[in-house]
Amino acid sequence: MSYDPIPPEVRSRLKDLRLTSRRAIGGQGIGVHRSRSRGAGLEFAQYRAYEPGDEPRQIDWKLYARSDRFFVREAERESPLAVWILIDASASMAQADAARPDWSRLHAAKALAACLAELALRQGDRFGLVALREDGLRLVAPASGTRQRDRLLLELHGLSARGGFPALPALAPLWERIGAGDLVILLGDCFDDASVDLVERLAAARREVLVIPLLTVEERDFSFTGGHRFRDPETGEELLGDGAAMRTDYLARFATARRELKARLDACGIRHADYFLDQALDLPLRRLFGARDAAEYA
């Protein structure tokens with residue numbers, strides 16, 4: 001596959017990360033996700049009587065020698081996790097900083113999605129993609145393997161940002177497809193209440209949800225000077241003003257909005273990590289999945 005949005009230095013650090021699901025291990029904290037089904041695995045779980053079709057290698061021959069009966073050793077086995085990567089593909093995701101116009105929110109979302117797919121691929125987990133846009137959902141159902149990775153990269157390559165966020169009825173396929181043990185990761189700016197409502201509803205339905213809000217440097221620092229025309233890319237509304245005069249009020253409002261979003265997500269038990277466009281791409285992944293060296297890449 002020729003399209004690879006993962007920077008080489010980030011790819012080399014992915015080997016230290018592992019996708020984990022709290023719900024998949026019974027809410028006992030971050031760790032390896034395990035199946036409640038039984039089978040051939042590494043950790044012994046129990047014996048059961050031999051049944052036709054069982055593999056001979058599963059028979060405990062020492063126990064047979066003592067009991068003259070066939071018993072099969074069962075073990076807990078790691079179960080493939082289904083990872084759903086949700087990308088907000090509305091028009092505001094096309095925003096980039098003037099200092100780096102070739103690195104928009106959507107570019108970052110695509111690269112993060114590719115990183116998540118790579119992690120899932122290495123673990124043998126299933127992974128899928130949903131692009132959220134008002135003209136319809138673009139969905140790649142979860143599957144595993146390199147072909148699935150290439151399918152997802154192809155979808156990412158052709159994805160563009162336009163329009164608004166989907167209305168609630170258009171999100172029906174998500175409720176039909178996302179299972180109770182699945183892991184959902186939303187990549188978006190989280191400025192639209194509808195996107196926050198979506199993750200709140202998923203969390204209320206006992207899906208494990210993670211959120212990575214994607215933000216520009218200019219939104220964080222508001223370093224504008226002189227007269228500017230600010231335009232909402234989704235509504236077309238415009239605001240004229242002097243950047244320096246607006247800065248203090250803007251930064252206060254921005255900080256309040258971030259606190260309110262954090263409070264909403266925390267109230268639902270949704271883990272989250274901000275990503276600003278001047279940061280190392282893997283920083284939010286390290287914060288979400290417990291890497292101790294996350295501060296090194298801030």
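Leucine 86 counts as buried in this predicted model, because its relative accessibility of 0% falls under the 20% cut-off. The residue belongs to strand 4, which spans residues 82-88. Leaving aside neighbours within four places in sequence, leucine 86 is in contact with Val130, Leu132, Leu174, Val184, Ile185, Leu186, Leu187, Leu198 and Leu202. One of these partners, leucine 174, is 88 residues away along the chain, and the C-alpha atoms of leucine 86 and leucine 174 are separated by 10.0 Å.

Phenylalanine 289 shares one of these partners, Ile185, with leucine 86. Phenylalanine 289 is found in the segment that follows helix 9 (283-288), and with a relative accessible area of 9% this residue is likewise buried. Beyond the four nearest places in sequence, the contacts of phenylalanine 289 are with Arg18, Leu19, Thr20, Leu116, Ile185 and Leu210. Between phenylalanine 289 and arginine 271, which lie 18 residues apart along the chain, the C-alpha separation comes to 9.8 Å.

Two further positions are partly exposed. Alanine 141, in strand 6 (residues 138-143), has a relative accessible area of 34% and therefore falls between the limits of 20% and 50% that bound the partly exposed class. When residues up to four places away in sequence are not counted, alanine 141 touches Phe127, Gly128, Gln148 and Arg177; its C-alpha atom lies 8.2 Å from that of valine 130, a residue 11 places away in sequence. Valine 130 is also among the contacts of leucine 86. Serine 160, placed in the loop between helix 4 (146-157) and helix 5 (172-177), is partly exposed as well, at 30% relative accessibility. The contacts of serine 160 outside its neighbours within four places in sequence are Ala89, Leu106 and Arg133, and for leucine 106, which is 54 residues away in sequence, the C-alpha to C-alpha distance is 7.8 Å.

The backbone has a positive phi at two residues that are not glycine, arginine 206 and phenylalanine 222. For arginine 206 the angle is near 65°, and the residue is placed in the loop between helix 6 and strand 8 (208-215); with a relative accessible area of 58%, arginine 206 is exposed. For phenylalanine 222 the angle is about 45°, and the residue lies in the loop between helix 7 and strand 9. In contrast to the exposed arginine 206, phenylalanine 222 counts as buried, its relative accessibility being 5%.

The elements flanking phenylalanine 222, helix 7 and strand 9, also take part in the lining of the largest pocket. This pocket holds about 1400 Å³ of space, and of the 38 residues that line it, Gln95, Phe191, Glu219, Asp232 and Tyr250 are the closest to its centre. Two or more lining residues are given by each of helix 6 (193-204), helix 7 (217-221), strand 9 (227-231), strand 10 (238-242) and helix 8 (243-267), with helix 8 providing the largest share, 10 residues. Divided by class, the lining has 18 charged, 15 nonpolar and 5 polar residues.

Over the whole chain, the secondary structure comes to 9 helices and 12 strands, and 45% of the 298 residues count as buried. Of the contacts between residues at least 6 apart in sequence, 70% join residues that are at least 24 apart. The accessible surface comes to about 15100 Å², with 49% of this area belonging to carbon and sulfur atoms.

The confidence of the prediction averages a pLDDT of 86 over the chain, and 85% of the residues score at least 70. Over residues 24-32, however, the pLDDT is below 50, and the model gives this stretch 19 contacts beyond near neighbours in sequence. Residues 34-43 likewise have a pLDDT under 50, and for them the model has 32 contacts beyond four places in sequence. Where pLDDT is low, the predicted coordinates should not be read in detail.

Note on methods. Residues numbered from 1 in each chain as written. Predicted model: local features only at pLDDT ≥ 70, side-chain atom pairs only at ≥ 80, totals over all residues. Heavy atoms only, no water. Helix = DSSP H or I, 4+ residues; strand = E, 2+ residues; numbered from the N terminus. Buried < 20%, exposed > 50% of the residue type's maximum accessible area, 1.4 Å probe, protein only. Contact = heavy atoms within 4.5 Å. Areas by Shrake-Rupley, 256 points an atom, 1.4 Å probe, with all protein chains shown as cover. 1 Å grid on protein atoms, 1.4 Å probe; cavity = no way out; pocket = protein on both sides within 12 Å on 5 of 7 lines; lining within 4 Å. Points joined across faces, edges and corners; volume = space filled by probe spheres on them. Nonpolar A, V, L, I, M, F, W, Y, C, P; charged D, E, K, R; others polar. pLDDT = per-residue confidence, 0-100.
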